[in-house]
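Trainee: I have a structure open and want to test the labels put on it. Can we go through them one by one?
Mentor: Yes. Ask what each label rests on.

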Amino acid sequence: MSSIILCFATSASARFMGDSSLHSGVIAVTAGDANGDTQALGILNCNNVILNGLKIVNGSGKHISIVACIGVHISQLTITAPGDSPNTDGIHIERSQHVEILSSTIGTGDDCISIGRGTSDVNISHINCGPGHGISIGSLGDDNSEVAVEQIHVSFCNFYNTMYAARIKTWQGGSGFARNIIFENLNFTNVDQAITIDQYYCNGHHNCGNQTAAVKVSDVHFVGVQGSTTADVPIYLACSQTVACTGIVLDNVQLKSEKKMTSYCLNVQGNVVDPVIPEVTCLA
């Protein structure tokens, strides 16, 4: 069983390329990770990072964590874990800027890619995602925290048998913003909830009380989205009752299902550009 552990304590440049693999049982805890999470590969406080051709199999926590980095290029990765393995995000990005993730295949029991607080200018393109929970902005705003996430672009991605696909999730009680986000040219095959804004995220708990503060979600575009869904409510837009989502645009969204489909809206402002199937009446 081979192991690869990259942990950087100071700002530096890093390049990692080749046909190397990380297998189950290899876990590195990145120094300075405030959440105490485990990951197979943790990169902290790095500039100009290149990851190419890496394969990670069956991590028991996050597979790759990018934290407090500037300038990260990731491509040609393969990350796999069982679809029922909890908290096994493929790639998690936090407090980082100028990140590019291209031409990779990710299938885990959690988010294929998750984007956390303090992150901006992220380009994600040509990803095959599934199984898992899709590509997520968040979760954001836990423990009443303030967040800033912006300039996120997700394009030309395929989702296979995922629980979610294009998703934004925030906790009640948070503050700050998630804005200037584009999901475009996405293809779905048997996904459950295809388009999601969930400002009542509770991570499976049942004791999250109602709070009036919320992360402001604005200027989010879902463009050229198509494919099959297994859900009867594949478009779910649940925004804070006190802090509306604004500038939400659905443009050429065409979903199909064997079930009769509908959509759910709460305190959403924006518009649709036909065709949008199923109909999103709150934006029409």
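Trainee: How many aromatic pairs does a search of the whole structure find?
Mentor: The search finds 4 aromatic pairs. Keep in mind that this is a predicted model.

Trainee: Take Phe159 and Phe188. What makes them an edge-to-face pair?
Mentor: Two values decide. The ring centres are 5.5 Å apart, and the limit for a pair is 6.5 Å. The planes stand at 70°, and over 60 degrees counts as edge-to-face. Therefore Phe159 and Phe188 are an edge-to-face pair.

Trainee: Which parts of the chain does this pair tie together?
Mentor: Phe159 sits in strand E14 (residues 146-160) and Phe188 in strand E16 (residues 175-191). These parts are 29 residues apart in sequence, so the pair ties them together.

Trainee: Why is Phe159 called buried?
Mentor: Its relative accessibility is 0%. Buried means under 20%, so Phe159 counts as buried. Phe188, at 3%, counts as buried too.

Trainee: And why is the pair of Tyr236 and Tyr264 called stacked?
Mentor: The centres are 5.1 Å apart and the planes differ by 20°. Stacked requires under 30 degrees, so the label holds. This pair also links distant parts of the chain. Tyr236 is in strand E19 (residues 235-238) and Tyr264 in strand E21 (residues 263-266), 28 residues apart.

Trainee: How do you know that Tyr236 is partly exposed?
Mentor: Its relative accessible area is 26%. Partly exposed lies between 20% and 50%, so Tyr236 fits. Tyr264, at 35%, is partly exposed as well.

Trainee: What about Ala238, buried or exposed?
Mentor: Ala238 is in strand E19. Its relative accessible area is 2%, so it is buried. Leaving aside neighbours within four places in sequence, Ala238 contacts Ile197, Asp198, Gln199, Tyr200, Tyr264 and Leu266. The C-alpha atoms of Ala238 and Ile197 are separated by 5.8 Å, with their positions 41 residues apart along the chain.

Trainee: What makes Arg167 count as lying over the face of Tyr164?
Mentor: Arg167 is at 3.6 Å from the ring centre, and the limit is 6 Å. The charge must also fall within 35 degrees of the ring normal. Arg167 is listed as lying over the face of Tyr164. Arg179 lies over the face of Phe177, also at 3.6 Å from the ring centre.

Trainee: Where does His133 lie, and what does it touch?
Mentor: His133 is in the loop between strand E12 (119-129) and strand E13 (135-140). Its contacts beyond four places in sequence include Tyr164 and Arg167, and also Asp110 and Asp111.

Trainee: Why is His133 called buried?
Mentor: Its relative accessibility is 17%. The cut-off is 20%, so His133 counts as buried.

Trainee: Which peptide bonds are cis?
Mentor: Gly130 to Pro131 is cis, with omega near 0°. Pro131 lies in the loop between E12 and E13. Asp274 and Pro275 are also joined by a cis bond, with omega about 0°. Pro275 is in strand E22 (residues 268-277).

Trainee: What is the order of strands in the open sheet?
Mentor: The order is E3-E6-E9-E11-E13-E15-E17-E19-E21, 9 strands with parallel pairing.

Trainee: What makes E3 and E21 edge strands?
Mentor: Each pairs on one side only. The twist averages 15° from one strand to the next.

Trainee: How do you know that E15 and E17 pair?
Mentor: Strand E15 (residues 164-170) and strand E17 (residues 193-198) are joined by 5 bridges. At least two are needed, so E15 and E17 pair. Lys169 stands opposite Asp198 in E17.

Trainee: Which residues have the most contacts inside the largest nonpolar core?
Mentor: They are Ile64, Ile91, Ile124, Phe222 and Ile248, in a core of 66 residues. Phe222 touches Ile248, and Phe183 and Ile195 are also among its partners.

Trainee: Last one. Why is Asn87 called exposed?
Mentor: Its relative accessible area is 53%. Exposed means over 50%, so Asn87 qualifies. Its phi is near 55°, positive in a residue other than glycine.

Note on methods. Residues are numbered from 1 along each chain as its sequence is written. This is a predicted model: local features need pLDDT of at least 70, side-chain atom pairs count only at pLDDT 80 or more; totals for chains, interfaces and linings use all residues. Side-chain values use heavy atoms; hydrogens and water are left out. Rings of Phe, Tyr and Trp (its six-membered ring) pair if their centres lie within 6.5 Å; planes under 30 degrees apart count as stacked, over 60 as edge-to-face and the rest as tilted. Helices (H or I, at least four residues) and strands (E, at least two) are DSSP runs, numbered from the N terminus. Buried means under 20% relative accessible area, exposed over 50%, partly exposed in between (1.4 Å probe, protein chains only). A nonpolar core is a set of buried Ala, Val, Leu, Ile, Met, Phe, Trp, Tyr and Cys residues joined through side-chain atoms within 4.5 Å. Contact means heavy atoms within 4.5 Å. Axes are lines fitted to C-alpha atoms, for helices over the stretch in contact, and angles run from 0 to 180 degrees between N-to-C directions.
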